[in-house]
There are 2 protein chains.
Amino acid sequence: MNNFDFRNPTRILFGKGRIADLKDQVPKGAKVLVIYGGGSAERTGVLSQVREALSCHTLIEFGGIEPNPRFETALNAVELVREESITFLLAVGGGSVIDATKFIAAAATDKGDAWDILTSRGSVVKGALPFGTVLTLPATGSEMNPASVITHAEKGAKLPFMSSHCYPQFSVLDPEITFSLPPRQIANGVADAFVHIIEQYLTYPVAARVQDGFAETLLRTLIELGPKALETPGDYDIRANLMWTATLALNGLIGAGVPQDWASHMIGHEITALNDTDHARTLAVVLPSLMHDQRGPKREKLLQYAANVWDLRDGSDDARIDAAIDATRRFFETMGMKTRLGDYDISAPEIERIVNALKDHNMTAIGEHGVITPEDARRILEAAL
Amino acid sequence: MNNFDFRNPTRILFGKGRIADLKDQVPKGAKVLVIYGGGSAERTGVLSQVREALSCHTLIEFGGIEPNPRFETALNAVELVREESITFLLAVGGGSVIDATKFIAAAATDKGDAWDILTSRGSVVKGALPFGTVLTLPATGSEMNPASVITHAEKGAKLPFMSSHCYPQFSVLDPEITFSLPPRQIANGVADAFVHIIEQYLTYPVAARVQDGFAETLLRTLIELGPKALETPGDYDIRANLMWTATLALNGLIGAGVPQDWASHMIGHEITALNDTDHARTLAVVLPSLMHDQRGPKREKLLQYAANVWDLRDGSDDARIDAAIDATRRFFETMGMKTRLGDYDISAPEIERIVNALKDHNMTAIGEHGVITPEDARRILEAAL
């Protein structure tokens, strides 16, 4: 096991009816900016639950955060925070709204150029406004981690940052508010959480049994319950398990003390920056191809994955690895996600642009060994056509 | 899944050589009371590593915390804290030293009678001195939770308390400093962690797949690595996995959203209060007998435990349950722990005293359903003779 630091101070308020508990979590006397995305927060009644819970607080609202949240939109919110002397932010939404809120929280207290937050990957962040979240879409894990990804449309860039100042103070996770999500968003959430786990698990062994066992538990939960969530959208226990799994998939726990990959994410981000393909769908395309391409360096963990996650124990090593990769692809497709670049209107010329974007963004040595180059990414993408 | 709150702000510094990082964790300018137990912290060199790491801090030392730490001893430390205007506590030891430190931290800032902290189970605690820990014995999980158990010798009482003010600010977990532990302490630690997990797992199902899967991972890790830790005391990865398992066994994670039992602990505490039997050994006696006695209410989870932890999948339900209970008892015995009351000089008259002590301490309705009475405990203890 590798040395590690682990700390995660976010308070989770999990279960039915927990939005009402916001009143005890947001500091008394706070002037709160409620940040949300499109119309669904209003339509589903989540925003009205939030307003009712915080009826004794001063609320200002800022809607319109995009999927793949935009730098420019977040800066508009920062301006509002300053004009209105906001003291607390409340994100009501999925990963995009929460990611944007982290950026707004950091930029609002920063005197420099907000773009530096992204180009420094967060190292310039010296503080942030306190904020909490009400999660409406289990997927990214942003509700219990200090990381964020922001898109700059004009620059064609999708860049991550993280800062210890950017943990939510609290996150409300009410599985019932996921009942009304469209199947496409449930599928995206399950696939996103799945690949988050894989990025921290499918590398090389370091005798980290606890982390491996936890990761395998989370993967099996998604595999078993993901399709059932689509079939029976009103099943509370299925939604509760998926919601808690997605949070634990990326809260630092399973990644502590083990190597991490993240190459699928880095390549996938460039696809989204290119044509706005849903983040999770880019992962469903890249991951199976990357697993196949990296079957050498990942050999031991691929065999462990085949056995412990898919119960594949017969046949040669290579046959079991092939079967595990096939099962992964089929899992995404069972969730209604296409797994080929062509399904997303990407052909050879776009691959060239993705490879160049990786170079432009210094993604020249990625993966758990830091040796996957843009040319390796080209090969992985070509195999995914 | 049940509704839950989860928050755990303790920072873990895990791995080789991490004691040196104390210098960045203890606030600059702090006046530190280093709290430890017997001579082993000195003998093993842990204390000198601590002194070296904190050579720029003002240190005062307080040794002599007992196994099953005593109320009276802790009060002596509280007096020293006040006399010397101590601003930070550093526990260097196992669960007993850390538990005592939590009590000292709470009592030092409390103006009332320190005994009330225990009789109120911590509800009177309104603050605590900040403290960190250097863990020398993986067992109780106290290094990453807000709970403590203190013994009052004269009153024959061993009482738990907890408070949100009593999370360690940080805990240093260096598996190498466990290499020199005597086999008896390793065995105690493994058994203690094992029963902590069981108390949160072996109750009744609430469709909490993640919590169950995590608990099963931790149990299998202890079963596989516990005996190996005794055979190969210098194996880093074995000690690292056991150390992280013991912490995760009782940091709130696997118990969030599920029913909890704790009857074995409550009964076991009275055995230790009676004749100072090692805490873990009381659990190794009580648990198998309680599992057998409560096989009705625990039926579904016993079958799940048999299958997922012990891979017992053949035979009738009752046969698999019996086999799982036998396997549990054999596991303790493989670790060198006797599992019968007679092995600890306890016979019928002492059972009477234990039953009366449970009544005296209001332990009249324990277990996950709150229905195990002192008379039920008598039956469980008689079956353990």
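**A walk through the two-chain sheet and its surroundings**

Let's begin at one residue. A:Glu176 touches A:Lys16 and A:Tyr236, leaving aside residues up to four places away in sequence. Where does A:Glu176 sit? Its place is the loop between β8 and α7 (183-201) of chain A. Buried or exposed? Neither: A:Glu176 has 35% relative accessibility, so it counts as partly exposed. Look also at A:Arg239. That residue is 63 places from A:Glu176 along the chain, yet their C-alpha atoms are separated by 7.6 Å.

One caution before going on. This is a predicted model.

Now the records for chain A. UniProt, in an unreviewed entry, lists residues 9-175 as "domain: Alcohol dehydrogenase iron-type/glycerol dehydrogenase GldA". Over that span, chain A is 29% helix and 26% strand. The end C-alpha atoms of the span are 22 Å apart. A second feature, also from an unreviewed entry, covers residues 187-384 of chain A. UniProt calls it "domain: Fe-containing alcohol dehydrogenase-like C-terminal". What is the make-up of residues 187-384? The span is 67% helix and 0% strand. Its end C-alpha atoms lie 20 Å apart.

Next, the sheet. How many strands form it? Twelve, in an open sheet with mixed pairing. Follow the order: β3(A)-β2(A)-β4(A)-β5(A)-β8(A)-β1(A)-β1(B)-β8(B)-β5(B)-β4(B)-β2(B)-β3(B). In that order, β1(A) is followed by β1(B). The edge strands are β3 (58-62) of chain A and β3 (58-62) of chain B, each pairing on one side only. From one strand to the next, the twist averages 25 degrees.

Take chain A's part of the sheet. Strand β4 (residues 88-93) and strand β5 (residues 131-135) of chain A run parallel, joined by five bridges. Within that pairing, A:Leu89 stands opposite A:Phe131 in β5(A). Which helix of chain A packs on the sheet? Helix α9 (residues 236-248) does. Helix α9 touches β1 (4-14), β5 and β8 (170-173) of chain A, and β1 (4-14) of chain B as well. The direction of α9 makes about 150 degrees with that of β1(A).

Stay in chain A for one strand residue, A:Phe170. Strand β8 of chain A holds it. A:Phe170 has 1% relative accessibility, so it counts as buried. What does A:Phe170 touch? Setting aside residues up to four places away in sequence, its contacts include A:Leu13, A:Leu22, A:Val26, A:Phe88, A:Leu90 and A:Phe131. A:Ile12 is 158 residues from A:Phe170 in sequence, but 5.8 Å away in space, C-alpha to C-alpha.

Over to chain B. Strand β2(B) has six residues, and five of them are buried, so the rest of the structure largely encloses it. Five bridges join β2(B) to β3(B), and the two run parallel. There, B:Leu33 stands opposite B:Ile60 in β3(B). Five bridges also join β2(B) to β4(B), again parallel. Here B:Val32 has B:Phe88 in β4(B) as its bridge partner. Helix α3 (residues 46-53) of chain B lies across β2 (31-36), β3, β4 (88-93) and β5 (131-135) of chain B. The helix runs at about 150 degrees to β4(B).

Now the rings. How many aromatic pairs does a search of the whole structure find? It finds 25 over all chains. One is B:Phe194 with B:Phe331. Why is this pair called tilted? The ring centres are 5.0 Å apart and the planes stand at 40 degrees, so the pair falls in the tilted class. Stacked would need planes under 30 degrees apart, edge-to-face over 60. The pair links distant parts of the chain, 137 residues apart: B:Phe194 in helix α7 (residues 183-201) of chain B and B:Phe331 in helix α13 (residues 317-334) of chain B. B:Phe194 is buried, with a relative accessible area of 0%. B:Phe331 is at 4% and also counts as buried.

Both chains contribute to one aromatic cluster: A:Phe4, A:Phe6, B:Phe14 and B:Trp244.

Last, charges over rings. The charged end of B:Lys16 sits over the ring of B:Tyr236, 4.4 Å from its centre. B:Lys155 does likewise with B:Trp115, its charged end lying 4.8 Å from the ring centre.

How values were computed. Residues are numbered from 1 along each chain as its sequence is written. Chains are lettered from A and ligands numbered from 1 in the order in which they are written. This is a predicted model: local features need pLDDT of at least 70, side-chain atom pairs count only at pLDDT 80 or more; totals for chains, interfaces and linings use all residues. Side-chain values use heavy atoms; hydrogens and water are left out. UniProt positions are given in the numbering used here, feature names are shortened, and annotations may be inferred rather than shown by experiment. Helices (H or I, at least four residues) and strands (E, at least two) are DSSP runs, numbered from the N terminus. Two strands pair if DSSP finds at least two bridges between them. Axes are lines fitted to C-alpha atoms, for helices over the stretch in contact, and angles run from 0 to 180 degrees between N-to-C directions. Contact means heavy atoms within 4.5 Å. Buried means under 20% relative accessible area, exposed over 50%, partly exposed in between (1.4 Å probe, protein chains only). Rings of Phe, Tyr and Trp (its six-membered ring) pair if their centres lie within 6.5 Å; planes under 30 degrees apart count as stacked, over 60 as edge-to-face and the rest as tilted. A charge sits over a ring if NZ of Lys or CZ of Arg is within 6 Å of the ring centre and within 35 degrees of the ring normal.
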